Amino acid sequence: MRGEPILEVSRVRANRGHGRHRLQVLAETSFAVHAGQSLALVGISGAGKSTLAQVVLGLHAAANGQVCVQGKKWADTKLRPDRRRRHLVQGVPQDPAAAFVPRWTIRSSIEQAIKRLTDSTMSEKLMLEAAELAHFDPQLLNRHPAQLSGGQLQRAAITRALAVQPAVLVADEPTSALDPDTGESVLTALLDSAEQSNIALLMVTHDPHFAQRCTGMLTLHPPTPDF
Amino acid sequence: MRHTNALGLISRILSGVGLLLVAGALPWLSRTDPAAAILRARYAELEPTEQALAAIRDQLGLDQGPITMSLQWWSAVLRGDLGNSWVSGTEIGPGLLQAVGVSATLTMFAVIVALMITVALVTPAALRVLRDVPQRGSGPVGVALTALPEFLLASVFLVVVGVQLQWLPPYGWTGIDTAILPALALGIPAGGLLGRLLADAISGVAAERWVVIWRLAGAGHRVILAGVFRRASAAVIDQLGLVFIGLLGGAVAVEQVFAIPGLGRYLLGSANSQDIPALQAGVLFMAFAALCVGLVANFLRRLLRGGALPAGSLPPAPEPRNDGRIARWTAVIALVLLLLILVFGLPRDPFLISHDRLAPPGLSLPFGADASGRDLLARVAHGTISTLTPAFVIVLCAILVGLLLAVFGEVARGPAEIANATPPILAGVIIAALLGPSVGAVTIAVLWVTWPPLATHAASLLEEAKAMPHIGWLALAGMSKAEIWVRHVLPAVLPALLRHGMLRLPGVALALAALGFLGLGAQPPQPEWGLLLAEGIDYVERAPWTTIAPALALILTSVFAVALAGLRRPPSSSRHGRNHGGKGVEKESLQLADNPKSMALTGK
């Protein structure tokens, strides 16, 4: 099943801040992830793991290099992801509440995303399929984010990401806010769903045990000051 | 961030240059045809023919366009030539100098009064430092002293001390006895404000950790007091500068009430007669004085703090500690009384002349009648509407402008600083001179001084809103930037901003009334609070109720404004999920505690 990688990150560097306060936070990094595979990003704090996740998600512009998805350019130093391809890369945030608008129900947040990102008219079907993949109880769809527990909300966030049928899933420490048991089951849900849907999974994590369960691992090192 | 600093600097320089150009081009900006005004004033016997008008336009250089005109004016000013008055045709310099002399003397007396009040207000806090007992903050006396804007205080002094008791001469500028009342009217609110700020600063500083360490090290009480005082005065020295500028030029109303030929009255007179060169000279002097005071204050602050400090190296400014419960009750009572006036007054006709002239108050006529025989209750009630409507418009526009400029960020820095340092009365005088006195003119003037704090607040709220985690992730759901802004950022920001705007409403209404009182706003026979007070003062000896009725409404509004600013929202009242800006507005409302007053006083 080798062949063209789904996600290809080449020579990406990233900065934070402007002008005098500009600081390089991500050393030059290159890697590729194939469909159905999972790559764990590990490294000490300040190595640029979360920034790399944001660059891949298209939320932060890279300072150098480019990100390709399915062989086509997805993001580089200026390019913002094309709206028609936006559904290809989705994410699961560290704080799952970030994936939902607080005053909307889980259902309307997910419906909005499906309506905007896909041509599908069967948003209910997509949503239920995704919920099954993510081990999320569909009964909870009508609740507000504040009415769910941390683990439920994290599964809801995975549901939201899977509902638009992405090719790449980026998870930024998806279990860091959860207790070990819940974290374990959320991680299982994440890895299973990625494998079943043939998604390329990029997972930022601190936990070496979790990293072992991915098919690959990449250790990032903090950038050395360049002046 | 260097590039934003540079942007702020460029914005400041550009707005400074813009301001200089505008000052020089005022005659060109004036909406009324100055040629006709000059012809009427100087050559009453001449027919206003096209030829004559053209000759005057030519003589003034009105055809050259604003920039040439501005440059010419500035080159003349730098040579010491302030030009000739359009009305009298005489040179402006000597007249202005005389007015400035009078104003400087009056300011000196007012500063003495203000300092005495400041000392009285600060003494308890200083004594507590000496005795090492817990601080209590400035207390209600300071609030009471700052409750009344100076045009109201001046009117009350004139009525009570000058006319009823006849202890002091009611007007004129002939000796020290004529200076006492105006100095009190100017000095009491200024001293109250300064004393309150300084007392609060002292109680805040006295709680800082170094004070404890100094005590443990065995420092004497006096040494500690001196240290506390130095830190506290560094915190309020900017306010001192603004108060001083306010005394010098914002004293228009007080000089008008007591008929003192100072700078304020000079400005007002030239605005009313649309004598633009005289106005230009007055404004130039004011701006120069403001610049000097600002530089001196800046220098003193550095001296007191021992050098320039990077931002964030000092603990935040002390919070006023007044009792929330008293403030709430005062606000409610003032509001209920105002509503009562509205309920009983609105059904009555404010224009109908159906009573005896100056009829005294009675059962059918609770507030009496004015000089034309109109019902004063009706006029005050309808005056509420015609004062509060523009106030609402101003607050809403200020929120809108604030939001827009907050988006531009540092680019708006220069205009914001200039607007922040403009006393509202000065803005009113300039705009009324350009557009002619009208409600629209004073609305623009008060809007000009109202938007900066709202823009600052909007900027911090927007930053907070954009930092909310779910806002960043909305892009993943395919939302465009514009849509995120309109549907998610704005709704998170608006409630807090609207609350802040509404807190400023009474202060804005008072600033409008102050301008109305000077005749720059609504014109007779419109019922407007400031105008009603100005009309009533003429009859104060025969029929004091003509003054009391509008003054009552204004005092209630002032009390409401001060009480409202003293309110602190209980932390438990924050609504779930939506209340992202709650913290911001709290901070802002605390700063506001010093503000409705200084709105009228200094325009801070």
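## Reading contacts and packing in a two-chain model

Colleague: Let's begin with the two chains. How many residues does the contact take from chain A and from chain B?

Modeller: It takes 24 residues from chain A and 15 residues from chain B. Keep in mind that this is a predicted model. On the chain A side, β6 (89-92) and α2 (106-117) each supply at least two residues, and α2(A) gives the largest share, four residues.

Colleague: What is the make-up of the side of chain A that touches chain B, by nonpolar, polar and charged residues?

Modeller: That side has 12 nonpolar, six polar and six charged residues.

Colleague: People often quote an area for an interface. What does that refer to?

Modeller: The size of an interface is often given as the accessible area lost when the parts come together. Here we'll stick with residue counts.

Colleague: Staying with chain A, how do I read its open sheet? In what order do the four strands come?

Modeller: Read across the strands: the order is β2-β1-β4-β5 in chain A, with antiparallel pairing. β2 (23-33) and β5 (72-75) of chain A are the edge strands, each with a single partner, so one side of each has no neighbour in the sheet. From one strand to the next, the twist averages 35°.

Colleague: And how many bridges join β4 to β5 in chain A?

Modeller: Three bridges link β4 (residues 64-69) of chain A to β5(A), and the two strands run antiparallel. To find the register, look for Val67(A), which sits opposite Ala75(A) in β5(A).

Colleague: Over to chain B. Into which domains is it divided?

Modeller: Chain B splits into domain 1 (2-78), domain 2 (94-305) and domain 3 (324-601). Domain 1 of chain B puts 14 residues into its contact with domain 3 of chain B, which supplies 11 residues. On the domain 1 side, α1 (2-24) and α2 (26-29) of chain B each supply at least two residues, with nine residues, the largest share, coming from α1(B). By class, the domain 1 side has five nonpolar, seven polar and two charged residues.

Colleague: Now helix pairs. How should I read the packing of α6 and α9 in chain B, and at what angle do they pack?

Modeller: Take the angle and the axis separation together. Helix α6 (residues 92-131) and helix α9 (residues 176-206) of chain B pack at about 30°, with axes 6 Å apart. Angles under 35 degrees count as roughly parallel, and that makes α6(B) roughly parallel to α9(B). Their crossing is right-handed, and the contact has 26 nonpolar, six polar and one charged residue.

Colleague: What about α21 and α22 of chain B: at what angle do they pack?

Modeller: About 40°, again with axes 6 Å apart, for α21 (residues 481-517) and α22 (residues 529-537) of chain B. That angle makes α21(B) oblique to α22(B). The crossing is right-handed. Ala513(B), Ala514(B), Leu515(B), Gly516(B) and Phe517(B) of α21(B) meet residues of α22(B) including Trp529(B), Leu531(B) and Leu533(B). Eight nonpolar, two polar and no charged residues make up this contact.

Colleague: One more pair: is the crossing of α13(B) and α14(B) left-handed or right-handed?

Modeller: Left-handed. The axes of α13 (residues 263-272) and α14 (residues 276-305) of chain B come within 8 Å and cross at roughly 150°. In α13(B), Leu263(B), Tyr266(B), Leu267(B), Ser270(B) and Ala271(B) meet Ala278(B), Leu279(B) and Gly282(B) in α14(B). By class, there are six nonpolar, two polar and no charged residues in the contact of α13(B) with α14(B).

Key. Residues are numbered from 1 along each chain as its sequence is written. Chains are lettered from A and ligands numbered from 1 in the order in which they are written. This is a predicted model: local features need pLDDT of at least 70, side-chain atom pairs count only at pLDDT 80 or more; totals for chains, interfaces and linings use all residues. Domain bounds come from an automatic or database domain assignment. Two residues are in contact if their C-beta atoms, placed from the backbone, lie within 7 Å. Ala, Val, Leu, Ile, Met, Phe, Trp, Tyr, Cys and Pro count as nonpolar, Asp, Glu, Lys and Arg as charged, and the others, Gly among them, as polar. Axes are lines fitted to C-alpha atoms, for helices over the stretch in contact, and angles run from 0 to 180 degrees between N-to-C directions. Angles under 35 degrees count as roughly parallel, over 145 as roughly antiparallel, 65 to 115 as roughly perpendicular and the rest as oblique. A crossing is left-handed if the near helix is turned anticlockwise from the far one by less than a right angle, and right-handed if clockwise. Two strands pair if DSSP finds at least two bridges between them.
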